[in-house]
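The following exercises ask the reader to work through one protein structure step by step. Each task is followed by its solution.

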Amino acid sequence: MSSAPLSSEPRSQVDDPSSLVMRFGADAPLLMDAGVALGPWQIAYQTYGTLNADRSNAVLICHALTGDQHVANANPVTGKPGWWTTMVGPGRPVDTDRFFVICANVIGGCMGTTGPASIDPATGEPYALDFPVVTIRDMVRAQAALIDRLGIESLFCVVGGSMGGMQVLQWAVSYPERVFSALPIATAARHSAQNIAFHEVGRQAVMADPDWRGGRYLTEGTRPSKGLAVARMGAHITYLSEMALHRKFGRNFQDRSAPTFSFDADFQIESYLRYQGIAFVERFDANSYLYVTRAMDYFDLAAEHGGSLARAFKGTATRFCVISFTSDWLFPTSDSRAIVHALNAAAASVAFVEVESDKGHDAFLLDEPEMFAAARGFIDAAARIRGIA
């Protein structure tokens, strides 16, 4: 794998993305948890469907770690379909024929929302590590500013999995009066020590690449391709289950019938991981990877409320449906049960579904009929209560 300058298409998405963009001037800064007033700044987003007359049918989709705003349309960098077309679209559980769907790239991202690859107006060069460290709450603040600009007072539903689920929970806590219903999937109210450890290994892989250049690789015309690819390979393993890996790859050799007695990719799983690493490097910024993983690490919803998760949800009128998967060891069902117990203690309206699946954490992105049925049932019931046809 050779190191090469970042191709023009991903770079152009940072500055002038192939999506809608809401821009905020220096007079409307984003107040961040790091103590920085970021401005000017922008947030890139996509919308699908039509906002109804009383603006009551808006659904916000929150993306996961390396996702983006292209939830239900072709990605402009990869050309691949949107990352959640199984869940969002005409006739899907989040039905774009009924709902006005919004999905925004998170602050700190690299697909058009201001992040470390964006140009710092003070220097005329990419922010790199001069960009302030981002939290999940910062991501939600940025989304709330976008929702304000769109003239939407309250959201019918906020939906997301993994890091997106963290954003869903933060929305329900930070803006309870603005969230009618919430659907957090395969997520947790805080990042575990084990998950922080996995992220740190990935960050160290990026920073150990000599082409990282202390984060200044864009200015210096390099990029830490090898380090970022290794980080992605390690992370990708955590998204799958042992059962899924065995079913798909087992110990099968890649294009050979016997070992080569070398360090080539003898096994199919090795070849698959290398492909995942290379493909990821083509579409994602290395510094953004550092920032969004750190945002997940800092997430601890109870810590904001004296260590009590139930207190975080006290008095909420939001309706919740929490979904987990039996084979998800990255965000196990116990994490979802902790959320449900806290919501019950807060006397909130909550449903809980544990989906039987052997696909691991990534199950929320895949074809899981039980998840679709649970999501559709919850959304349809909430829509009836909301008076949405």
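**Exercise 1.** Determine which residues of helix H4 are buried, and why they lie on the same side of H4.

*Step 1.* In H4, the buried residues (under 20% relative accessible area, where over 50% is exposed and the range in between partly exposed, using a 1.4 Å probe and protein chains only) are Asn195, His199, Gly202, Arg203, Ala205 and Val206.

*Step 2.* Their directions cover an arc of only 155 degrees around the axis, so they are on the same side of H4. The arc is taken from the directions that run from the helix axis to the C-beta atoms.

*Step 3.* The face turned away from the buried side carries Ala193, Val201 and Ala208, which are exposed.

*Step 4.* The buried residues of H4 pack against helix H6 (225-239) and helix H9 (286-298). Helices here are DSSP runs (H or I, at least four residues), strands are runs of E with at least two, and both are numbered from the N terminus.

A note on the source: this is a predicted model, in which local features need pLDDT of at least 70, side-chain atom pairs count only at pLDDT 80 or more, and totals for chains, interfaces and linings use all residues. Residues are numbered from 1 along each chain as its sequence is written, and side-chain values use heavy atoms, with hydrogens and water left out.

**Exercise 2.** Establish where the residues of the annotated "active site" lie.

*Step 1.* The UniProt annotation "active site", from an unreviewed entry, covers Ser162, Asp328 and His361; such annotations may be inferred rather than shown by experiment.

*Step 2.* These residues span 200 residues in sequence, yet no two of their C-alpha atoms are more than 10.7 Å apart, so they gather at one spot.

*Step 3.* Ser162 lies in the loop between strand S11 (155-161) and helix H3 (163-174), and is buried at a relative accessible area of 7%. His361 is in the loop between strand S14 (349-355) and helix H12 (369-386), and is buried at 2%.

*Step 4.* Beyond four places in sequence, His361 is in contact (heavy atoms within 4.5 Å) with residues including Ser162 and Asp328.

**Exercise 3.** State how confident the predictor is along the chain.

*Step 1.* The chain averages a pLDDT (the predictor's confidence in each residue, from 0 to 100) of 94, and 97% of the residues score at least 70.

*Step 2.* Over residues 1-7, pLDDT stays under 50. Where pLDDT is low, the predicted coordinates should not be read in detail.
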